[in-house]
Amino acid sequence: QQTPAVRQRATRPDARTHGLGQTKYIDDMYLPGMLFAKIKRAGVASARIVRIDTSEAEAMPGVVAVLTGRDIPCNSFGPSLKDQPVLADERVFHAGDGVAAVAAVTEQIATEALEKIHVEYEPIEPVLDPLLSLKLETPGLHAPSPNIYGHKVIKKGDVEKAFAESYRVFEGQFRTQMVEHVPLEPHSALASWDANGRVTIYSTLGRITLGRADISRTIGVPMSRIRIIATIVGGNFGGKNEITTEPVLALLSKKTGRPVKCTFTRPEEFMSST
């Protein structure tokens, strides 16, 4: 009778492929006829979008499709409040907001095409301090709601008595810098439709069920026609729990009839992830 391996190191099932460099991440994947997508970022903190001209980009050799927020059936998403645009079409809320997307035969052509998309903005004075934003009159950033996301009071016991009997009471206000997860693998996704009107999306999403619901809502397709394949992820840390480019890639793939892939650059990871 074999003795159980007590206090033995458990072998990771993915250790061999990692060690041999054979692990397939999304950016290692290629489907026949695949196109590459890039997202044009607003680059301004707060503004109204007056006009988006994509004609010059669409005329470029190698560019197969261009998408703007007006092409998205339901252009809002979010894990609780649906207040984030997939691609900003009326208002820019932060510099990392996408305003247009391009699908081209190479990454280089897609990147160059972004420079050919011209966006006219009407700047709005940004509010950069969250405490200051609470003092602003309603409606807030996402009208008609105020700038308070939620309000809760948690109270247990006689707080006033506890303060009165305390030897010393400390009050303080503390701030820290912005934090980015910086996974080795940036956000990445690949979308492809079949002849039966079903879309398969390979994604670095950590919460694929939440992702399916959000994608279904944004592109106007029942969840039963959306399949998300969660690939091996090169780091998440909570930063890959909601959709980013998935609806854009699904719509670009449907528009072109070809698979479409997009992988964030490192600057995009800092500017456009949550």
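These are my notebook entries on what I looked up in one predicted model.

**Entry 1. The chain as a whole.**
I started with the overall figures. The chain has eight helices and ten strands. I took the extent of the C-alpha trace along its principal axes and got about 75 × 75 × 35 Å. Of the 274 residues, 39% count as buried. The exposed area of the chain came out at about 17200 Å², and carbon and sulfur atoms supply 54% of that area. For contacts, I looked at pairs with a separation of 6 or more; residues 24 or more positions apart account for 75% of them.

**Entry 2. Strand E10.**
I next looked up E10, residues 260–263. Which of its residues are buried on each side? Val260 and Cys262 are buried on one side, and Lys261 and Thr263 are buried on the other, so that both faces of the strand are covered, taking buried as under 20% relative accessible area.

I then listed the pairing partners of E10. Strand E1, residues 35–41, pairs with E10 in the parallel sense over two bridges. Strand E7, residues 188–193, pairs with E10 in the antiparallel sense over four bridges. I checked lysine 261 in both pairings. Phenylalanine 36 stands opposite lysine 261, and leucine 190 has lysine 261 as its bridge partner in E10.

**Entry 3. Cavities.**
I searched the whole structure for enclosed space. The search finds two cavities of 30 Å³ or more.

The largest cavity holds about 40 Å³ of space. I noted its lining as Asp27, Phe36, Ala37, Lys38, Glu107, Lys261, Cys262 and Thr263. Which strands each supply at least two residues of this lining? They are E1 and E10. This ties back to the previous entry: Phe36 and Lys261 are both in the lining, and phenylalanine 36 is the residue opposite lysine 261 in E10. By class, the lining has three nonpolar residues, one polar and four charged.

The second largest cavity holds about 30 Å³. Its lining is made up of Glu180, His181, Pro183, His187, Gly239, Glu269, Ser273 and Thr274. I sorted these by class and found one nonpolar, five polar and two charged residues.

**Entry 4. The second largest pocket.**
I moved from cavities to a pocket. The second largest pocket has a volume of about 220 Å³. The residues lining this pocket are Asn75, Ser76, Asp83, Gln84, Pro85, Asp89, Glu90, Arg91, Phe93, Leu141 and His142. How many of them are nonpolar, polar and charged? The split is three nonpolar, four polar and four charged.

**Entry 5. The sheet E4-E2-E6.**
I looked up an open sheet of three strands. Its order is E4-E2-E6, and the pairing is antiparallel. Strand E4 (91–92) and strand E6 (118–123) are the edge strands, each pairing on one side only. E2 and E6 pair over six bridges in the antiparallel sense. Within this pairing, isoleucine 52 has valine 119 of E6 as its bridge partner.

**Entry 6. Threonine 54.**
I followed the chain out of E2. Threonine 54 is in the loop between strand E2 (47–53) and helix H2 (55–58). Is threonine 54 buried or exposed? Its relative accessibility is 11%, so threonine 54 counts as buried. I then looked for contacts of threonine 54 beyond its neighbours within four places in sequence, and found Val66, Thr68 and Ile117.

**Entry 7. Helix H7 and what follows.**
I checked how far H7, residues 246–256, is covered. Nine of its eleven residues are buried. I wrote them down as Glu246, Pro247, Val248, Leu249, Ala250, Leu251, Leu252, Ser253 and Thr256. In an α-helix, residues three or four places apart point the same way, because there are 3.6 residues a turn. After H7 comes glycine 257, which has a positive phi, near 75°.

**Entry 8. Alanine 195.**
Last, I looked up a residue in the loop between E7 and strand E8 (199–203), namely alanine 195. Its relative accessible area is 85%, and therefore alanine 195 is exposed. I also took its distance to the glycine of the previous entry. The C-alpha atoms of alanine 195 and glycine 257 are separated by 9.6 Å, and the two residues are 62 residues apart along the chain.

How values were computed:
Residues numbered from 1 in each chain as written. Predicted model: local features only at pLDDT ≥ 70, side-chain atom pairs only at ≥ 80, totals over all residues. Heavy atoms only, no water. 1 Å grid on protein atoms, 1.4 Å probe; cavity = no way out; pocket = protein on both sides within 12 Å on 5 of 7 lines; lining within 4 Å. Points joined across faces, edges and corners; volume = space filled by probe spheres on them. Nonpolar A, V, L, I, M, F, W, Y, C, P; charged D, E, K, R; others polar. Buried < 20%, exposed > 50% of the residue type's maximum accessible area, 1.4 Å probe, protein only. Pairing = 2+ DSSP bridges. Contact = heavy atoms within 4.5 Å. Areas by Shrake-Rupley, 256 points an atom, 1.4 Å probe, with all protein chains shown as cover.
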